[in-house]
Amino acid sequence: MTAVLTEWSSLIVRWLHVVAAMAWIGSSFYFIHLDLSLKPRSGPPQGIQGDAWQVHGGGFYHMIKYLVAPARMPDELTWFKWEAYTTWLSGFALLVIVYYVGAEFYLIDKSVLDLTAPSAAAIAFASLVLAWFVYEALCRSALGSHEVALALVGYIFLVALTYAFTQIGALIGTIMVANVFVIIIPNQKKTIAALLAGKEPDSTLGEQAKQRSVHNNYLTLPVIFLMIANHYPLMFATRFNWLIVAIVLAIGPVIRHFFNSRHEGKGSPWWTWGVAAAGMVAVAWLSGAGPADIGPRADRVDVKAAENAILARCSMCHRHEPVWPGVHAPPKGVVLDDADTIRRHARLIELNAVRSNAMPPGNITAMTAQERQLIAAWIEAGAPNP
């Protein structure tokens, strides 16, 4: 029953996370497009930045943006915030269910640092908070008024975090949601409060909110990639995983630049797709570099030794009745308890234990580089039976 409840809670929370992320990203992309496509026209009253006509679902819409706010606040005002909040809350719930509760499997690699599960979870959570504080300090520093310099320093900061941690998607997602929760929404509320009080709103509030909104816009595509990449061992469990993320962090903004420029009427910079394609080729090449600890190549094919390595390091979980504490069913339904089942899953073994070190998770059973090379030689020979 514990296994069923854990699996279903993970599925439901993941479903919520994806749906909320779709709503947040969709609204973000729409408003960035709308903001960039507004056209100043003669005739609108003073205080109008621009307007745009749109058609959707058989109806026509006239969109108007005020420089600050209308002279009289409307009775009803729609706030776009819960999409972001729900995305983070559901994502953090997934962190707890998958990584913090299962820290021994998915968060701790004792060959790197021998930590207890509570310590690993505490460090992981503290890294989320610390990352946002550093980002916030950068934005509020002198760099904040120099977007290019801020972008370069921020990029180096995120790459450094990638090198140090494996939960970079959660770190970036936390920064993006904090932008909404701490800056964008509070600044909008302060602007409205000033207007209702008959005061002139502080223009810097809008500038800060705009800056963070732009940052979120350029970080969106990398975050989506990181959400998906967590299910592909060659992306997150290979030798140059940090460099792969560094490339993706550059590709995402380049692609967004194409659409932003196009929507703003500044032309279509087609060169961005060439850069993106070259980046993805580099990612594909780097993903084939193998795990961090490759080890010397096996000088011969030893089928029995390869089989024994899999039985010793993998089969305590990947069997009809797992014997590893806390594992109640073979992960993903993959059973590796005899020669036939091992041979049947040779491709999965290659992806997860030879070309990457995704398995065993956190190398919890201490599979050696030599054992991985024994398995690699067996697979290269066509995964023959003993």
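**A cavity, two cores and helix α14**

Within the lining of the second largest cavity, the largest share comes from α1, which gives three residues. The model described here is predicted. Two cavities of 30 Å³ or more turn up when the whole structure is searched, and the second largest holds about 30 Å³ of space. Its lining consists of Trp-24, Ile-25, Ser-28, Met-176, Asn-216 and Thr-220. The helices that each supply at least two residues of this lining are α1 (2-37) and α7 (203-229). By character, the lining residues of the second largest cavity divide into three nonpolar and three polar, with no charged residue.

Two of these lining residues also appear around Val-180. Leaving aside residues up to four places away in sequence, Val-180 touches Trp-24 and Asn-216, both of which line the second largest cavity. The other contacts of Val-180 on that basis are Lys-81, Ala-84, Tyr-85, Ile-185 and Pro-186.

Val-180 also leads to the largest nonpolar core. This core has 35 residues, and those touching the most other members are Leu-158, Leu-161, Ile-168, Ile-172 and Val-180. At least two residues of the core come from each of α2 (82-100), α4 (117-140), α5 (147-164), α6 (168-196), α7 and α9 (241-263). Helix α6 makes the largest contribution to this core, with 10 residues. Helix α7 thus belongs to two descriptions: it supplies at least two residues of the largest core and at least two of the lining of the second largest cavity.

A second core, separate from the largest, has 18 residues, including Ala-309, Val-334, Ile-349 and Ile-375. Ile-375 is also among the buried residues of α14, the helix to which the rest of this account turns.

Helix α14 covers residues 369-380, and its geometry can be checked against its length. At 1.5 Å a residue, its 12 residues should span 16 Å; the C-alpha atoms at its ends are 16 Å apart, so expectation and model agree.

How many of the 12 residues of α14 are buried? Nine are, so the helix is largely enclosed by the rest of the structure. Buried here means under 20% relative accessible area. The buried residues are Ala-369, Glu-371, Arg-372, Gln-373, Ile-375, Ala-376, Ala-377, Trp-378 and Ile-379. Among the elements that cover them are α11 (303-313), α12 (339-344) and α13 (346-354). Just after α14, Gly-382 adopts a positive phi of about 100°.

Note on methods: Residues numbered from 1 in each chain as written. Predicted model: local features only at pLDDT ≥ 70, side-chain atom pairs only at ≥ 80, totals over all residues. Heavy atoms only, no water. 1 Å grid on protein atoms, 1.4 Å probe; cavity = no way out; pocket = protein on both sides within 12 Å on 5 of 7 lines; lining within 4 Å. Points joined across faces, edges and corners; volume = space filled by probe spheres on them. Helix = DSSP H or I, 4+ residues; strand = E, 2+ residues; numbered from the N terminus. Nonpolar A, V, L, I, M, F, W, Y, C, P; charged D, E, K, R; others polar. Expected span 1.5 Å × (residues − 1). Buried < 20%, exposed > 50% of the residue type's maximum accessible area, 1.4 Å probe, protein only. Contact = heavy atoms within 4.5 Å. Core = buried A, V, L, I, M, F, W, Y, C linked by side-chain atoms within 4.5 Å.
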